[in-house]
Structures are given as structure tokens and as C-alpha cells.
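Q: I am new to this structure and would like a close look at a single part of it. Please take the cysteine links, and then whatever else helps to place them.

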Amino acid sequence: MDVADGPLYDSTAYTECKRQPQKPLYGGGIIVNEPSAVVDRDKGDVYSPAFLLKNLTGNGTIYSFSSWVKLRSAGSALIQASLKAEDETYSCIGTVLAKRGCWSFLKGGFVLDSPSNLSILFFRNTDGRDVSLAIASASLQPFSVQQWNTYQKYMINTKRKRAVTVHVSNEQGKGLQGAAITVEQISKDFPFGSAISKSILGNLPYQNWFGERFNAAVFENELKWYATEPQQGNVTYIIADQMLQFVRANKITTRGHNIFWEDPKYTPAWVRNLTSDQLKSAVNSRIQSLMTKYKEEFIHWDVSNEMLHFDFYEKQLGPNATLDFFQTAHKSDPLATLFMNEFNVVETCTDVNSTVDTYVSRLRELQQGGVSMDGIGLEGHFTRPNPPLMRAIIDKLATLGLPIWLTEVDISNTLDKETQAIYLEQVLREGFSHPSVNGIMLWTALHPYGCYEMCLTDNNLQNLPAGDVVDRLLKEWQTRKIEAQTDEHGSHSFYGFLGEYRVSVNYGNRTTNSTFSLCQGEETRHVSILV
């Protein structure tokens with residue numbers, strides 16, 4: 001990527017508390033002063049520590065912000081960075097769990113629609129207590145929309161694609177110039193899919209529509225406890241089995257969602273009325289029944305859904321309940337990747353229950369308890385996305401070295417359908433271009449009444465604006481059919497998206513057909529074909 005196009009985005013991030021702050025990203029960017037006390041001239045409010053920023057440009061300019069934060073007082077505190085611009089206040093542009101005695105890394109950002117001559121970037125403790133903060137190595141780097149998008153394309157071209165050279169020769173090994181080559185991508189490596197519900201059963205048009213587009217799926221509700229055991233002892237997997245037959249027949253990778261849901265509202269009514277001993281027996285039966293029935297069927301399991309927001313089982317069974325769930329699930333299906341699935345991690349940083357550091361802290365607690373914690377599930381129920389914040393949070397989570405999936409992506413139905421589509425494209429491009437994101441699932445199961453928040457089509461399978469976006473991106477992220485002739489070396493080279501390919505070579509009156517896999521790798525993939 002040509003740095004002359006502008007600053008190259010820096011994905012550096014840290015989740016460990018360090019003895020000393022690291023150097024500021026981008027050399028500090030446009031921040032040139034140390035933090036100080038800043039007075040709001042309009043209201044007389046004093047912000048400290050804070051930065052006074054002059055002449056921030058608007059028109060969708062994207063700002064990436066980072067700094068190192070340390071408490072001077074004892075304990076720890078969840079610190080939120082905010083921006084007060086002339087026309088708008090951004091309540092959260094990043095958070096960090098700060099401690100005394102070591103430095104923690106805050107990374108986030110914001111998008112500025114209108115220019116602001118004077119802005120105040122300040123820090124506060126989310127629980128309202130006064131704390132003394134030290135701020136070091138702060139950085140604020142602006143990017144134009146074009147620069148931001150160029151970096152996305154660069155990452156897609158380098159991480160989601162790979163160079164291929166097809167060599168055509170005769171049986172004596174002589175390269176054949178002028179051989180006609182046809183190359184088609186027949187499947188994609190990157191899992192991109194959607195939730196489905198029982199409404200897809202018996203609906204052949206919907207099944208065909210889904211199978212033509214997606215290579216991954218998740219059952220919206222049909223594996224949840226309230227669906228498989230609505231009354232105690234009345235266990236049924238009939239619907240889930242039928243849905244499993246559909247995804248198998250269409251070679252669709254499927255996530256298991258979910259074993260337990262910590263929200264009591266979505267816990268079966270009969271479960272909520274059990275004594276502690278009865279509940280312990282019921283949850284053991286639930287895991288054994290579900291995991292034995294579907295062992296090795298699902299690539300993932302969301303084990304204890306939304307545990308950062310709700311704690312029904314830990315309240316009833318004690319603080320080690322979640323730990324036990326993960327351990328039992330791993331023993332029952334050791335090949336499945338076990339996920340911690342949560343909302344409001346990448347969607348916003350205003351939710352103190354699910355900030356990136358809160359997520360990391362809980363994940364590490366489980367790992368230290370001996371859990372085989374394999375995957376990071378980020379639901380992605382957005383209203384208005386904040387792309388630099390989303391990227392920064394994934395940067396921090398990526399330092400853990402675990403697969404990251406966007407598991408339930410949609411845009412709020414409080415917005416009109418055209419705006420939903422615009423925001424959906426931002427989220428999908430941000431996810432697909434981040435090298436640490438291993439898959440994307442939409443939360444767009446189609447029902448007679450519509451969808452949870454966002455539909456891709458109407459009930460006649462005619463695209464809505466969000467569906468147009470998905471179809472366009474699916475086409476953009478697939479290698480187009482290649483028809484070419486070999487050069488004087490008997491070769492033809494191209495860049496292709498990762499996945500499976502079919503190649504046909506015609507030379508004279510001879511035709512050879514072959515297939516090859518294009519997996520991730522830095523080196524050119526060489527494919528040799530004899531004609």
C-alpha cells in the first residue's frame with residue numbers, strides 16, 4: 001500500500017497492563033500538547049485531564065484515538081473517553097479498565113460529520129467517583145473516508161485473497177503457450193451466513209434463496225432450552241433435526257446457539273422455579289442431552305449466552321456455574337469451538353457491562369479456571385456503527401489470539417430501510433477487512449411477520465435495500481470467472497479469493513478438468529495441469 005495515499009492505519013493494540021506506556025501511535029497524530037484542565041467557555045465546566053482540540057474537520061472524517069491510562073489512586077476504574085464538539089457530544093469514544101501501578105491501553109475513535117473549531121476530549125470514571133488519572137502517549141489521527149476504505153481494500157487483497165499461477169504443460173513437461181484456461185470459484189473459504197428459523201422448513205423458494213448465497217447458518221431459536229424442553233421432561237429435537245437436514249444437504253457450516261442463556265426472561269419458566277439442587281440436575285441433563293445428540297454436528301457452541309449482562313445461573317448455582325458449563329461442554333464435544341457470545345462489545349462503548357476490557361477480563365477468568373475458551377463472539381446488533389471504535393475493539397480482542405466471529409449482525413429497525421443498508425455495509429466491510437475476524441453471521445431469519453430487526457428481503461424474497469448490499473458484497477468478495485490463454489511460459493496468473501476452484505484447460509483437441517484449493521498463505525499458489 002502506497003503511504004503517499006495518506007497515513008497507514010496502525011492496528012497495534014494491547015490488553016496487558018504495562019509498567020511503562022508505549023510510544024504514541026502515529027507519533028501522537030494531531031495531539032501536540034500534554035493533557036491539562038480545560039474549561040468549557042459556554043458552561044464553565046472544567047474537564048481534567050483533557051485535550052483542547054482545534055479545527056477538527058467534518059464531512060465524515062474518521063478519527064482514530066488511543067492513549068495510555070493509569071490510576072494515581074488505589075484500586076481500578078472503568079475510564080471512558082468522550083468528545084465534546086461544537087455541534088455534538090460523543091459520550092463514549094473508547095474505554096479502558098485502568099489500574100494503579102501500571103498503564104492500560106485505551107483505543108477507540110469517532111466519526112465527525114460537522115467541523116468543530118474547538119473540541120474537548122476528556123476522560124471520566126464511569127461510576128461517577130472522582131479518581132486521579134495519569135494520561136500518556138495520547139494520539140488522535142484523522143483519516144479521510146477514502147483513506148479508510150483504501151486500507152480496507154488493502155487488507156482484503158492481502159488477507160482474503162492470494163496469488164495463483166496455473167502452469168499448463170504436456171506429458172513431457174513442456175509449457176504450452178496459447179492453451180485456453182477457464183477458472184471458476186465454486187466455494188468460499190470465509191464463512192458468511194445468516195440465522196434461519198423453522199420458517200425455512202418446507203419453503204423451497206426460501207431454501208434455494210439461502211443456499212445460493214450463504215455457506216454458514218445458525219438456528220435462531222430452535223436449539224434454545226425453551227424450544228427443546230418447553231415443559232420439564234418433554235424434550236424434543238424434531239424441528240432442529242429437520243433444520244439440520246437442510247444445512248447438511250446444502251453443505252452449510254452451522255453454529256450451535258445456545259446451550260444456556262443467562263437472561264432469566266429467556267429461561268424456561270419451569271427452570272426458573274426449581275430449587276438449587278433441582279436446577280443443578282436439570283442443567284446437567286440439558287448439557288448431556290444436547291451435546292450427546294449433536295456431538296460433532298456444530299462447529300461452535302455459544303455456551304452461556306450474554307453472561308456479561310445477565311447471571312441467572314450463577315445466582316442460583318454459585319460463581320463457578322459458568323466455569324462448569326464450559327468444562328462439561330468441552331468434555332461432551334471436544335472438537336467444537338466454545339464461544340463467549342455477547343452484545344454491545346463492538347456496537348458501542350457506552351454499555352459498562354460489556355466494554356472490551358470487561359469482556360477480556362471475564363474471558364481470562366474462565367481461562368484461569370481451566371476452561372477451554374476457544375472463540376470470541378461479538379453479536380453486532382447496531383444502531384449507528386462507529387467504524388473506528390469497532391476496528392479498535394477488534395484490534396484489542398485480536399491480541400488474545402482467538403478466532404473472532406460477528407455472530408448476530410443487524411441494524412436497528414428504528415432506522416429506515418435505506419439507512420439500515422448504509423450502516424450494514426459499513427459493518428460488513430469493517431468485519432470482512434479485519435484479518436482477525438473469521439466469520440460473519442447476519443441475524444436476519446425470515447418469518448411471516450418479518451425479522452428480528454432487519455430483513456434482507458420481503459416475504460416474496462424480493463430484495464430490500466439491505467439485501468441489495470449483501471448481494472453486492474457477495475459478488476464483490478468472489479473471484480469472477482476467468483477466461484484466458486497461457487503465456488509463452490505456459491502459465492497464467494491471477495489473484496483469487498480464498499476457497500475452492502474448478503479449472504478447465506483446452507489445448508488443440510484435448511481438454512483437462514481439475515480442481516484446487518486456495519488457502520491462506522503468503523506465497524503464490526502454483527497449480528500444474530497436464531494436457
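A: Cys102 is buried, because its relative accessible area is 14% and the cut-off for buried is under 20%. The model that gives this value is a predicted one. Cys102 does not stand alone: it forms a disulfide with Cys17, and the two sulfur atoms are 1.9 Å apart. A disulfide is a covalent bond between the sulfur atoms of two cysteines.

The link between Cys17 and Cys102 has a torsion of about 95° about its S-S bond, so this disulfide is right-handed. Cys17 sits in the segment before β1, while Cys102 sits in the loop between β5 (89-99) and β6 (104-112), so the bond ties together parts that are 85 residues apart in sequence. The two ends of the bond fall into separate classes of exposure. Cys102, at 14%, is buried, whereas Cys17 has a relative accessible area of 26% and is therefore partly exposed.

How many disulfides does a search of the whole structure find? The search finds three. Besides the pair just described, Cys92 is bonded to Cys349, with sulfur atoms 1.9 Å apart. This link is left-handed, with -125° about the S-S bond. The pair joins distant parts of the chain: Cys92 belongs to strand β5, Cys349 belongs to the loop between β15 (337-342) and α9 (356-368), and 257 residues separate them in sequence. Cys92 and Cys349 are both buried.

Cys92 can also be placed by way of Ala81. These two residues are eleven apart in sequence, and their C-alpha atoms are 5.7 Å apart in space. Ala81 is part of strand β4 (residues 76-84). With a relative accessibility of 0%, Ala81 counts as buried, as does Cys92.

Another disulfide joins Cys451 to Cys455, with an S to S distance of 2.0 Å. Its torsion about the S-S bond is about 110°, so it is right-handed. Both Cys451 and Cys455 are buried. When the bonded cysteines are counted along the chain, the pattern of disulfides in the protein is 1-3, 2-4, 5-6. One further cysteine can be placed by its exposure: Cys519 counts as partly exposed because its relative accessibility is 44%.

The segment before β1, where Cys17 lies, is also held by a charged contact. Glu16 and Arg364 meet through their side chains in a salt bridge, at 3.0 Å from N to O. Arg364 is in helix α9 and Glu16 is in the segment before β1, so this contact ties together parts 348 residues apart in sequence. Glu16 is partly exposed, because its relative accessible area is 48%.

Helix α9 takes part in a second salt bridge, this time between Arg362 and Glu314, with N and O 2.8 Å apart. Here Arg362 lies in α9 and Glu314 in helix α7 (residues 312-317), so parts that are 48 residues apart in sequence are tied together. Arg362 counts as buried because its relative accessibility is 15%.

The structure holds 19 salt bridges. Among them is the one between Arg429 and Glu476, whose closest N and O atoms are 2.9 Å apart. Arg429 lies in helix α11 (residues 417-433) and Glu476 in helix α12 (residues 465-476), so the pair ties together parts 47 residues apart in sequence. The two partners are not covered alike: Arg429 is buried, because its relative accessible area is 18%, and Glu476 is partly exposed, because its relative accessibility is 36%. Both belong to a network of salt bridges that also includes Glu425 and Arg472.

Charge also appears at the surface. Which residues form a negative surface patch? They are Asp42, Glu86, Asp87 and Glu88. Asp42 is in the loop between β1 (36-39) and β2 (46-56). Its relative accessibility is 71%, so Asp42 counts as exposed.

To return to the cysteines, the links are Cys17 with Cys102, Cys92 with Cys349, and Cys451 with Cys455.

Methods. Residues are numbered from 1 along each chain as its sequence is written. This is a predicted model: local features need pLDDT of at least 70, side-chain atom pairs count only at pLDDT 80 or more; totals for chains, interfaces and linings use all residues. Side-chain values use heavy atoms; hydrogens and water are left out. Patches are made of residues with over 30% relative accessible area and no salt bridge: like charges are joined within 9 Å, nonpolar side chains (Val, Leu, Ile, Met, Phe, Trp, Tyr) within 5 Å. Accessible areas come from the Shrake-Rupley method with a 1.4 Å probe; for residues, only the protein chains shown count as cover. A salt bridge is a side-chain nitrogen of Lys or Arg within 4 Å of a carboxyl oxygen of Asp or Glu. Lys and Arg count as positive and Asp and Glu as negative; His and the chain ends are not counted. The place of a charge is taken as NZ of Lys, CZ of Arg, CG of Asp or CD of Glu. Helices (H or I, at least four residues) and strands (E, at least two) are DSSP runs, numbered from the N terminus. Buried means under 20% relative accessible area, exposed over 50%, partly exposed in between (1.4 Å probe, protein chains only). A disulfide is a pair of cysteine sulfur atoms within 2.5 Å.
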